Amino acid sequence: SEPYKVGTGLLYDQLGQPCYPVATNVGLFWPKHGILRKPGLAVVEFLPPIAPGLPVAAFMARLESEVETASDRLMAEAGFKA
C-alpha cells in the first residue's frame with residue numbers, strides 16, 4: 001500500500017484531540033477503480049484511540065501500523081489470501 005498522507009498527522013498535531021483509527025476490508029468488495037462490486041460482508045472496525053501529544057512522525061507510524069494490521073486481519077477473515 002502507499003504511505004499514508006501526512007495531512008492526517010498535521011490535523012492530529014494541530015487539533016490536539018484523540019484520533020480514532022478505523023480498519024476495514026471494504027477494498028475486497030469495492031475496488032478503488034471501476035464500478036464492479038463483489039459480494040461479501042464488508043466490515044468496518046473502530047480501533048482504540050490514539051491519545052494526543054505524539055510527535056507527527058511517531059503518530060503516523062503508529063496509525064499506519066495499527067490500521068494496516070487490523071485491515072489485514074479483517075481481509076484474512078473474509079478469505080483474502082495475499
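**Exercise 1. A salt bridge within one helix**

Which residue forms a salt bridge with Arg 62, and how far apart are the closest N and O atoms?

Solution. The model is a predicted one.
- Step 1: the partner of Arg 62 is Glu 66, and the closest N and O atoms of the two are 2.8 Å apart.
- Step 2: a salt bridge requires a side-chain nitrogen of Lys or Arg within 4 Å of a carboxyl oxygen of Asp or Glu, and the pair Glu 66 and Arg 62 is listed with 2.8 Å.
- Step 3: both residues belong to helix α2, where four residues, about one turn of the helix, lie between the two positions in the count along the chain.
- Step 4: Glu 66 is partly exposed at 27% relative accessibility, and Arg 62 is partly exposed at 35%.

**Exercise 2. The remaining salt bridges**

Find how many salt bridges the whole structure holds, and state which residues are joined into one network.

Solution.
- Step 1: the search of the whole structure returns three salt bridges.
- Step 2: one of them pairs Glu 45 with Arg 73, with 2.7 Å between the closest N and O atoms. This pair links distant parts of the chain, since Glu 45 sits in strand β2 and Arg 73 in helix α2, 28 residues apart.
- Step 3: Arg 73 also forms a salt bridge with Glu 77, where the closest N and O atoms are 3.5 Å apart. Arg 73 and Glu 77 are both in helix α2, four residues apart, about one turn of the helix.
- Step 4: through shared partners, Glu 45, Arg 73 and Glu 77 form one network.
- Step 5: the accessibility of the three members is 23% for Glu 45, partly exposed, 36% for Arg 73, partly exposed, and 58% for Glu 77, exposed.

**Exercise 3. The aromatic pair**

Identify the aromatic pair, give its geometry, and say why it ties together parts that are apart in sequence.

Solution.
- Step 1: the count of aromatic pairs is one.
- Step 2: Tyr 12 and Phe 59 make up the pair, with 3.8 Å centre to centre and 5° between the planes.
- Step 3: planes under 30 degrees apart count as stacked, and the pair of Tyr 12 and Phe 59 is stacked with its 5°.
- Step 4: Tyr 12 lies in helix α1 (residues 7–15) and Phe 59 in helix α2, so the pair ties together parts that are 47 residues apart in sequence.
- Step 5: both Tyr 12 and Phe 59 are buried.

**Exercise 4. The nonpolar core**

Name the residues of the largest nonpolar core, and state which helix supplies the largest share.

Solution.
- Step 1: the core has eleven residues: Tyr 12, Cys 19, Ala 23, Leu 47, Ile 50, Phe 59, Met 60, Leu 63, Val 67, Ala 70 and Leu 74.
- Step 2: helix α2 (residues 56–77) gives the largest share of this core, six residues.
- Step 3: Ala 70, one of the core residues, touches Ala 23, Glu 45 and Leu 47, with residues up to four places away in sequence left out.
- Step 4: Met 60, also in the core, is touched by Val 6, which touches Val 56 as well, under the same exclusion of residues up to four places away.
- Step 5: Val 6 is in the segment before α1 and is partly exposed at 47% relative accessibility.

**Exercise 5. Nonpolar residues at the surface**

State which residues make the nonpolar surface patch, and whether Ile 35 is buried or exposed.

Solution.
- Step 1: Val 22, Val 44 and Phe 46 make a nonpolar patch of about 300 Å².
- Step 2: Phe 46 is located in strand β2 (residues 44–46) and is exposed, its relative accessible area being 63%.
- Step 3: Ile 35 lies in the loop between β1 (22–24) and β2, and at 78% relative accessibility it is exposed.
- Step 4: the C-alpha atoms of Ile 35 and Cys 19 are 31 Å apart, with the two positions 16 residues apart along the chain.

**Exercise 6. The chain as a whole**

Give the order of the elements and the share of buried residues.

Solution.
- Step 1: the chain holds two helices and two strands, in the order α-β-β-α from the N terminus.
- Step 2: of the 82 residues, 22% are buried.
- Step 3: the exposed area is about 5,900 Å², with 65% of it from carbon and sulfur atoms.

How values were computed: Residues numbered from 1 in each chain as written. Predicted model: local features only at pLDDT ≥ 70, side-chain atom pairs only at ≥ 80, totals over all residues. Heavy atoms only, no water. Core = buried A, V, L, I, M, F, W, Y, C linked by side-chain atoms within 4.5 Å. Buried < 20%, exposed > 50% of the residue type's maximum accessible area, 1.4 Å probe, protein only. Contact = heavy atoms within 4.5 Å. Phe/Tyr/Trp six-rings, centres within 6.5 Å; stacked < 30°, edge-to-face > 60°. Patch = residues over 30% accessible without salt bridge, like charges linked within 9 Å, V, L, I, M, F, W, Y side chains within 5 Å. Areas by Shrake-Rupley, 256 points an atom, 1.4 Å probe, with all protein chains shown as cover.
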